[in-house]
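Let's take a walk through this protein together, with the chain open in your viewer. We will begin with its aromatic rings and work outward from there.

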Amino acid sequence: MDDHDLRLAVFALLGSMVSTTQAAPSFAGGSNGGNVDSALITEASGLIGSRVNPGVLWTHNDSGGQPRVFGLNPAGQLLGIWTLPGATAVDYEDLAVGPGPERGVSYLYVGDIGDNNAVRPSITVWRAPEPHVLGGFAGNPVTRALRAAEALTLTYEDGAHDAESLFVDPITGDLWIATKESGASTFYRAAAADLAPGAPITLTAEVSVSLPIFFQLATAADISAQGNEVLLRGYTFARLWERDPCEPLANALARPSQSTPFVSLPAKPQGEAMGFDRFGQDYYSLSEGSNQPVYRFARTSTDGPELPTQFIGPGALWAWLDTGTPPAAEWTSVAFDDAAWSNGPAPFGYGDGDEASVVDDGGNAAARHPSTWFRHAFTVTDPGAYERLTLLAHVDDGARFHLNGRPILGLNLDAAAGPDTYAESEREALEDTWIARRVSPHLLAAGENVLAVEVHIAAPDSPDLSFDAQLLAFEVDTDCNDNGVPDACDIATGFSADVNGDGRPDECECGADVSMDGFVDFADLNIVLARWESDGTGGGDTNMDGAVNFDDLNAVLDQWGRICP
């Protein structure tokens, strides 16, 4: 057994020892937020809260529907229709959101998994990056195509099964399907590493659960954003499992579940959809039929996830400069005066048709402005209260981000890019989604702060430009493996370089930032000097060679001034 397996075994043991005396999650009964206002949604069979678009729910129709998904708000208003190019629709039954092949991107998983007679030799789950959606689309819903949709072909290890329940573990990236059987359901898993288009992917049975009450047929499932709670619902029941974030999910599902509120027959027609909201605080349900109510089940216990402070939300007001002439060198600083710039709400751009503010491209379709500049000011009362910042960027084609005058992120743009430099590529697969990245909270200041962004197109004749951004602050940061999920699992993920000496080998190390304060500076130099010629226990050994020496000193000097989120 290697070290990684040992760590996993330890955490599995700890997970099996979860106290049975702790208070269980509790939720209020369903509250009707509003009825679905679209005549196109007549047989809703899946529901999930977007992980990147605030106040957005995804749904789709059951068998016989078209290959498309719908975006709703919690009041049931249609925000848009997204088609799956090249897809077919045999029997869509559920959908999920979760990680995928591109780091920092949330993916939609649309499950064509229904098989009433259990005869399909294989089933299909369609995967595509979650698109950028705004609540302001209500009243004027958009019709778009999901970018880079790909088919994942799956086969059960023991033959065909009917299923209507699908979710993706946010911690491991594994895909799970729960079968629809009378009085029982078996959870099958496809490993994240196998989720690629092409050859069939094997679904392996992990655990079976009994559903003893009459008509207990599983019709929907979901997992919370932190991976610590799993929902399974049917026509006449809803069950919830708790999971220690570091234990294998099958261990949690093998334990007894608890009943949780739902709206059932006859008050609600055939209920086949249930899913958590963005952060896993509450959950929603929806039934088949026209103009059905969207029910919200609000958490009443105090065990919910930490909800972030939103410093910048999607659709926020920004100042922008679209003259093609670069601003003064200090344009990224808080003190810069942008009073002469234009002002308006995001999303910005041209060429896509969903812009809230259209920017000037220069008027020459063959030689558009390479760059456009944006600034947004926000106030922070106590910057020391936050341990993590998450930046979500919606960019077409490339961009560089600055916080209070310091560069924090480049996307699809050369590090040495100037105002006339074009983005590295068009990146069509990701140009309609959000990309999440860590940002050092140590860059925040008390009072006014400014996020400044320069957006670059990919070529002189690029047909479109898009920009929007979110900035979220968390008071607790345990997402050391940077999977977008603040959890306690990082020590079990297989990293072996505890460079910063915090007792956990994880991706928080960031090379020479041995003090783990977000910068490579005197704090790191002092640690190296204090532990000079030691074996590196407690930190300072940047290259993990078992000795703190000139190599580590040089690493700090080479990376001096680096921002390490």
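A good place to start is a cluster of aromatic side chains: ring pairs join Trp318, Trp320, Phe348, Phe374, Phe401 and Phe467. Please keep in mind as you look that this is a predicted model. Across the structure there are 18 aromatic pairs. In the pair of phenylalanine 348 and phenylalanine 374, the ring centres are 5.0 Å apart and the planes meet at 50°, so the pair counts as tilted. These two residues bring distant parts of the chain together, with phenylalanine 348 in strand β25 (residues 348-350) and phenylalanine 374 in strand β27 (residues 371-380), 26 residues apart. Are they buried or exposed? Phenylalanine 348 has a relative accessibility of 1% and so counts as buried, and phenylalanine 374 is buried too, at 0%.

Now step back to take in the whole chain. The protein has four helices and 33 strands. Of its 565 residues, 55% count as buried. Its accessible surface is about 21300 Å², and carbon and sulfur atoms contribute 52% of that. Among contacts with a separation of 6 or more, 65% are between residues 24 or more positions apart.

Salt bridges offer some examples of such links along the sequence. The structure contains 16 salt bridges. In one of them, aspartate 354 meets arginine 144, with 2.6 Å between the closest N and O atoms. The two are 210 residues apart: aspartate 354 sits in the loop between β25 and β26 (357-358), while arginine 144 belongs to strand β9 (residues 142-145). Both aspartate 354 and arginine 144 are buried.

Another salt bridge joins the side chains of arginine 147 and glutamate 431, at 2.4 Å from N to O. Here too the pair links distant parts of the chain, 284 residues apart: arginine 147 is in the loop between β9 and β10 (150-156), and glutamate 431 is in the loop between β30 (406-411) and β31 (435-439). How do the two partners stand in terms of accessible area, and which of them is buried? Arginine 147 has a relative accessible area of 26%, so it is partly exposed, whereas glutamate 431 is buried at 8%.

A further bridge can be found between arginine 255 and glutamate 247, with an N to O distance of 2.9 Å. Arginine 255 is partly exposed, with a relative accessible area of 26%, and glutamate 247 is buried, with 1%. Coming back to arginine 144, salt bridges with shared partners connect Arg144, Asp354 and Asp432 into one network.

Next, turn to the strands, and to β3 in particular. Strand β3 covers residues 57-61, and five of its five residues are buried. Which residues lie on each face of β3? Leu57, Thr59 and Asn61 are on one side, Trp58 and His60 are on the other, and all of them are buried.

β3 also has a strand partner on each of two pairings that you can trace by eye. Strand β2 (residues 44-49) pairs with β3 in the antiparallel sense over four bridges, and in this pairing leucine 47 stands opposite threonine 59. β3 also pairs with strand β4 (residues 68-72), again in the antiparallel sense, over three bridges. There, threonine 59 has phenylalanine 70 as its bridge partner in β4. β3 and β4 make up a hairpin with six residues between them, and glycine 64 in the turn has a positive phi of about 90°.

Further along the chain you will come to an open sheet of four strands in the order β15-β16-β17-β18, paired antiparallel. Its edge strands, β15 (218-223) and β18 (258-259), each pair on one side only. Inside the sheet, strand β16 (residues 229-234) and strand β17 (residues 238-242) are antiparallel and share five bridges. One position to pick out is valine 230, whose bridge partner in β17 is tryptophan 241.

Let's finish on the outside. Phe522, Leu557 and Trp560 make up a nonpolar surface patch, with about 330 Å² of accessible area together. Phenylalanine 522 belongs to helix α3 (residues 522-530). With a relative accessibility of 55%, phenylalanine 522 counts as exposed, because the cut-off for that class is over 50%.

Conventions
Residues numbered from 1 in each chain as written. Predicted model: local features only at pLDDT ≥ 70, side-chain atom pairs only at ≥ 80, totals over all residues. Heavy atoms only, no water. Pairing = 2+ DSSP bridges. Patch = residues over 30% accessible without salt bridge, like charges linked within 9 Å, V, L, I, M, F, W, Y side chains within 5 Å. Areas by Shrake-Rupley, 256 points an atom, 1.4 Å probe, with all protein chains shown as cover. Salt bridge = Lys/Arg side-chain N within 4 Å of Asp/Glu carboxyl O. Buried < 20%, exposed > 50% of the residue type's maximum accessible area, 1.4 Å probe, protein only. Contact = heavy atoms within 4.5 Å. Phe/Tyr/Trp six-rings, centres within 6.5 Å; stacked < 30°, edge-to-face > 60°.
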